[in-house]
Amino acid sequence: MTAERLRAYLLTLPHVVETMQWGANLVFWTGDKAIGGKMFALINLDDPAPDGSDPQRRRVTHHALMMYSAGPTRYPELLELEGILPAPYMARIHWVAVERWDVFTPAEWQRELRAACDITLAKLPKKVVAALALPATQQRRLVSERRKLLASRRQLALKAKQ
């Protein structure tokens with residue numbers, strides 16, 4: 001499995017939107033962030049950073065290729081697999097970090113990520129679910145309007161700080 005193949009699969013899931021955030025991270029959302037969508041997976045596109053503690057060997061520090069929501073039931077099972085760790089900052093909400101693409105077969109990756117998307121979709125507020133049920137043109141208009149509103153609020157906040 002590769003980041004490109006997983007990205008292509010994730011974008012086929014219903015209501016999935018991607019953003020690039022926090023450096024070179026592809027973040028996948030169930031529903032657009034502007035209307036209250038929630039993230040359910042993240043692919044880290046950064047190269048692993050060398051560990052500065054041993055300049056001769058230039059070991060590589062822990063580098064998660066992917067993180068995703070596993071849910072409270074699946075979380076402890078996944079942590080027993082080699083190459084899967086609690087996700088930094090997100091373990092408390094049952095996210096796992098995967099260090100190698102070969103931890104799962106392609107079919108298992110698809111099952112895991114589909115489940116992550118479904119878990120997140122089930123947690124969305126009714127208002128967001130209703131927005132996701134709108135026809136595509138109305139949904140795009142709503143997202144566009146919401147982004148404009150958020151941008152104007154950011155500008156007002158910046159002016160208030162000056």
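In the predicted model, strand β1 (residues 16–21) and strand β2 run antiparallel and are joined by six bridges. The two strands form a hairpin with three residues between them, and in the turn Trp22 has a positive phi of about 50°. Within this pairing, Met20 stands opposite Leu26 of β2. Strand β2 is also joined by six bridges to strand β3 (residues 38–44), again in an antiparallel arrangement, and here Trp29 has Met39 of β3 as its bridge partner.

The burial of β2 was examined next. Six of the six residues of this strand (residues 25–30) are buried, and β2 is therefore largely enclosed by the rest of the structure. Both faces of the strand are covered, since Asn25, Val27 and Trp29 on one side are buried, as are Leu26, Phe28 and Thr30 on the other.

Helix α2 (residues 71–79) has buried residues in Gly71, Tyr75 and Leu78. Viewed down the axis of α2, the buried residues fall within an arc of 80°, and they therefore line one face of the helix. This agrees with the geometry of an α-helix, in which there are 3.6 residues a turn, so that residues three or four places apart point the same way. On the other side of α2, Pro72 and Thr73 are exposed. The elements that cover the buried residues of α2 include β4 (66–69), β5 (84–86), β6 (95–98) and α3 (106–123).

As to confidence, the protein chain has a mean pLDDT of 86, with 90% of its residues reaching 70 or more. Over residues 50–61, however, the pLDDT is below 50, and this stretch has 12 contacts in the model beyond near neighbours in sequence.

Definitions and conventions
Residues are numbered from 1 along each chain as its sequence is written. This is a predicted model: local features need pLDDT of at least 70, side-chain atom pairs count only at pLDDT 80 or more; totals for chains, interfaces and linings use all residues. Side-chain values use heavy atoms; hydrogens and water are left out. Buried means under 20% relative accessible area, exposed over 50%, partly exposed in between (1.4 Å probe, protein chains only). Helices (H or I, at least four residues) and strands (E, at least two) are DSSP runs, numbered from the N terminus. Two strands pair if DSSP finds at least two bridges between them. pLDDT is the predictor's confidence in each residue, from 0 to 100. Contact means heavy atoms within 4.5 Å. The arc is that of the directions from the helix axis to the C-beta atoms.
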